[in-house]
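Here are my notes for someone opening this entry without having seen it before. Have the viewer ready and follow along point by point.

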Protein chains: 2
Amino acid sequence: MKVLYSRDLGFRSEFDLLVNRSDNDMADVMPIVTEIINDVRNRGDVALKEQILKFDGWDGGDSLAISKDEMKEAFNNTNNKMKEALNLAKDRIKNYHKKQLEKTWLSFEENGSILGQKITPIDKAGLYIPGGKAAYPSSLLMNAIPAIVAGVKQIIVCTPATNGKVPELLLAAMYILDIKKAFKVGGAGAIAAMAYGTKSIPKVDVITGPGNIFVATAKKLVFGDVNIDMIAGPSEIGVIADDSANVHHIAIDLLSQAEHDELASSFLITHSKDFALKLKDEIYRILPNLKRYEIAKKSIENKGAIIITQNKDESIALMNELAVEHLEIATNDAFSYLPFIKNAGAIFLGHYTPEAIGDYLAGPNHTLPTGGSARFFSPLGVNNFIKKSSIISMNKNGLNELSKACMALADAEGLEAHKLSVEVRTN
Amino acid sequence: MKVLYSRDLGFRSEFDLLVNRSDNDMADVMPIVTEIINDVRNRGDVALKEQILKFDGWDGGDSLAISKDEMKEAFNNTNNKMKEALNLAKDRIKNYHKKQLEKTWLSFEENGSILGQKITPIDKAGLYIPGGKAAYPSSLLMNAIPAIVAGVKQIIVCTPATNGKVPELLLAAMYILDIKKAFKVGGAGAIAAMAYGTKSIPKVDVITGPGNIFVATAKKLVFGDVNIDMIAGPSEIGVIADDSANVHHIAIDLLSQAEHDELASSFLITHSKDFALKLKDEIYRILPNLKRYEIAKKSIENKGAIIITQNKDESIALMNELAVEHLEIATNDAFSYLPFIKNAGAIFLGHYTPEAIGDYLAGPNHTLPTGGSARFFSPLGVNNFIKKSSIISMNKNGLNELSKACMALADAEGLEAHKLSVEVRTN
């Protein structure tokens, strides 16, 4: 694991490599994904079933839809401990997201004019839940609950079914959330189907959810025809720690990100050289004991970094530049850092807030901006499932007060009928 | 101008053409725009200057920057009436957008856990202001003011300078808004420059502003590396009217959209056949007298439509399907429609609220979703210039209460270190 000293001469160029870690290079897959999307637009379910045969190893069967019975059966097969955990997560995530709900507002002027902003739920949302080796019920909870809280009427879920099977835990989570429409289809094809509709799969207004480079590229290509949440890459953690932090805990936290993905990034920034060097040793002590050793090792070696700074201010400044997805502040005075944290998807404060608690059931969303995009993207939330409309209502007096200025501006921009539309109502 | 009756047999297929009016087909320009972007990434200002020579008819001079002196001189040359109009617009737009500011919030649990959401202004915003024959100071106001209200520290403006000249009124508006960095460069090259940075032009975090298909395509291509506001096409208006509306006024309102652009759309939906037919006559009566007759005529003939429905409910349902950028409700009981309006960029209520007042100085933003994207996009606002971070802080008790469920979920997803990170803090 790389150790960098901020005072070293070569530091800036080494650090810039970390800042520019996002290598979301879609150019290579763009042609293939474009072809997949066009194929689904042109041939609908037929194209989808061919893709399913190719990528998921089954023929798509009679129907791509997941039945309510399948969900119920999976729920019944789930043990009580897991049911309780899923329900606790559901309740806590719902509770947090309810606090994000924005209200329609109006404001009034003395002349009787009314201005405002109307909040309306999106009609139809499509949630993409990746498949692969493991089940990710938490991804379903984190995508569906903000949509449910926003008041979305139709929620569609697409998830790949390797050999026709959807993991039982994911089906059980669908049952708990009362998902009415879910389909066994994944990849770029699923994104195209939700963006443009097929005979089986309804066209939606917004598509959210994580996915590999094919899914991410498809989301980018359909953006504009539908809305999307964000374009996300490999997961990442940054920790700012001082000597008050527990070396063993922080080592595990960094490894918990590294175990996700060989491309995941784990950064520690501290002004304590002593802590930094102990941490490095501790990581290498734990690493061989992990089940996901191979993945975690590659991630730590190739993507991880420990940065030793001169002081707290410098640690914060560098962490803001990295703009990480998950940021832990492992110090006794963690809240004192908060005013200075500009860029981070989620901020975990203090010694008892491991990042993993945010992945499952603290309440805030675990779909977060990666690769430095916390500079401009926000966590997935209720906001992704509503839209706003401006409200303007004037009476004759209100319009009169603005008419001269409005006509002057319309005139200056050469738009005669704009000017006339005010003039005829006020003279 | 097309007149459609909702009860006619062929209505649905005719109407679907209007619903699917967005022909944002970027496939044709995608290769050229990709090349322009790559050229700017590779060769920076040199590439930009070549593009300026090609598209704007000058060589880019010694510096692409617009000096404070140029802005000041333009402001001094502006007459008082226009200065007052611009200042009134600025004040009203600022006042409205201040109401959109979201606050950082925290919530507390009895066990001492803290959850919340931090609001932070985006660091650097790039505003694109189109050029061409007319000056659009209103576009600058509408893009810059939400950024200013959000607290963005660095605001960059790019605008094409035909033959090296930026319209005086736009320069004056820059002076009024105290824009510190502005550059004479337009098109896809300007978007690339703001997304990736050149020697002259700083890299930004979010790019907003209208533009032609090249600009829109460039925005889509850089999306993910920066955030963007939306992908917008030609302007449009929909009016729901009944017999209480003034035929002359509504005719002018529809024409005020048609005069923008041959591709602009104007729709009237009413259940009054009498009103509909009178309106059609009135449009053709006014049309020949307009300065922008040729443009308005093509727009009305090719893109306009009058739709006669059976009743008010049907009018609303069809208008929701059209999801127009600007929606006027020209009836005495306009507010009674509001609960049922689901999709519209801005809603103008009553007989004294012409759409044009929203273009300049009612206060709400005039950058609005077009082409049916009001189903999922919102008006430009302060929200486009901030980002959110989730806040999670737990003590030992708080973590203890969630630990079992969290470990069960981490276990189920096969993430051992996730589970460990909770376990080591609670046992």
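1. Which side chain meets that of Glu102(A) in a salt bridge? Keep in mind that this is a predicted model. The partner is Lys388(A), with N to O at 3.4 Å. Glu102(A) sits in the loop between α5 (80-98) and β2 (105-108) of chain A, while Lys388(A) belongs to strand β14 (residues 386-393) of chain A, so the pair ties together parts that are 286 residues apart in sequence. The two ends are not equally covered: Glu102(A) is partly exposed, with a relative accessible area of 22%, whereas Lys388(A) counts as buried at 9%.

2. Over all chains, the structure holds 38 salt bridges, and eight of these are between chain B and chain A. One to click on is Lys342(A) with Asp123(B), where the closest N and O atoms are 3.2 Å apart. Lys342(A) lies in the loop between β12 (326-330) and β13 (346-349) of chain A and Asp123(B) in the loop between β3 (114-121) and β4 (124-128) of chain B, so this pair joins two chains. Both ends count as partly exposed, Lys342(A) at 29% relative accessibility and Asp123(B) at 28%. Another bridge across the chains pairs the side chains of Arg92(B) and Glu109(A) (2.8 Å, N to O).

3. Within chain B, have a look at Lys298(B) and Glu262(B), which form a salt bridge with their closest N and O atoms 3.7 Å apart. Lys298(B) is in helix α12 (residues 293-303) and Glu262(B) in the loop between α10 (247-258) and β10 (265-270) of chain B, so the pair ties together parts 36 residues apart in sequence. Over in chain A, salt bridges that share partners join Arg12(A), Asp16(A) and Glu321(A) into one network.

4. Now the interface as a whole. Here 119 residues of chain B are in contact with 118 residues of chain A. The area buried between the chains is about 10,600 Å², and carbon and sulfur atoms give 62% of that. On the chain B side, Tyr352(B), Glu413(B) and Arg425(B) lose the most area to chain A, together 8% of what that side buries. There are also 62 residue pairs in polar contact between the two chains, counting pairs with both residues at pLDDT 80 or more. Helix α15 (residues 396-412) of chain B gives the most to the side of chain B that touches chain A, with nine residues.

5. How are the copies related? A rotation of 180 degrees with 0.0 Å of shift along its axis superposes chain B on chain A (RMSD 0.0 Å). That is the relation of a two-fold axis. Lys220(B) comes closest to the axis among the residues of chain B, its C-alpha being at 3.8 Å. Since 99% of the interface residues of chain B are also interface residues in chain A, the copies meet through the same surface.

6. Helix α4 (residues 68-77) of chain B is worth a turn in the viewer: its buried residues are Met71(B), Ala74(B) and Phe75(B). Seen down the axis of α4(B), they fall within an arc of 100 degrees, so they line one face of the helix. Asp69(B), Glu73(B) and Asn76(B) are exposed on the other side. The cover over the buried residues includes α5 (80-98), α7 (168-177) and β6 (181-184) of chain B.

Notes: Residues numbered from 1 in each chain as written. Chains lettered and ligands numbered in written order. Predicted model: local features only at pLDDT ≥ 70, side-chain atom pairs only at ≥ 80, totals over all residues. Heavy atoms only, no water. Buried < 20%, exposed > 50% of the residue type's maximum accessible area, 1.4 Å probe, protein only. Helix = DSSP H or I, 4+ residues; strand = E, 2+ residues; numbered from the N terminus. Arc of directions from axis to C-beta. Contact = heavy atoms within 4.5 Å. Least-squares fit on C-alpha atoms with pLDDT ≥ 70 in both. Buried area = accessible area lost by both parts, 1.4 Å probe. Salt bridge = Lys/Arg side-chain N within 4 Å of Asp/Glu carboxyl O. Polar contact = N/O pair within 3.5 Å; in protein donor to acceptor, adjacent residues only side chain to side chain.
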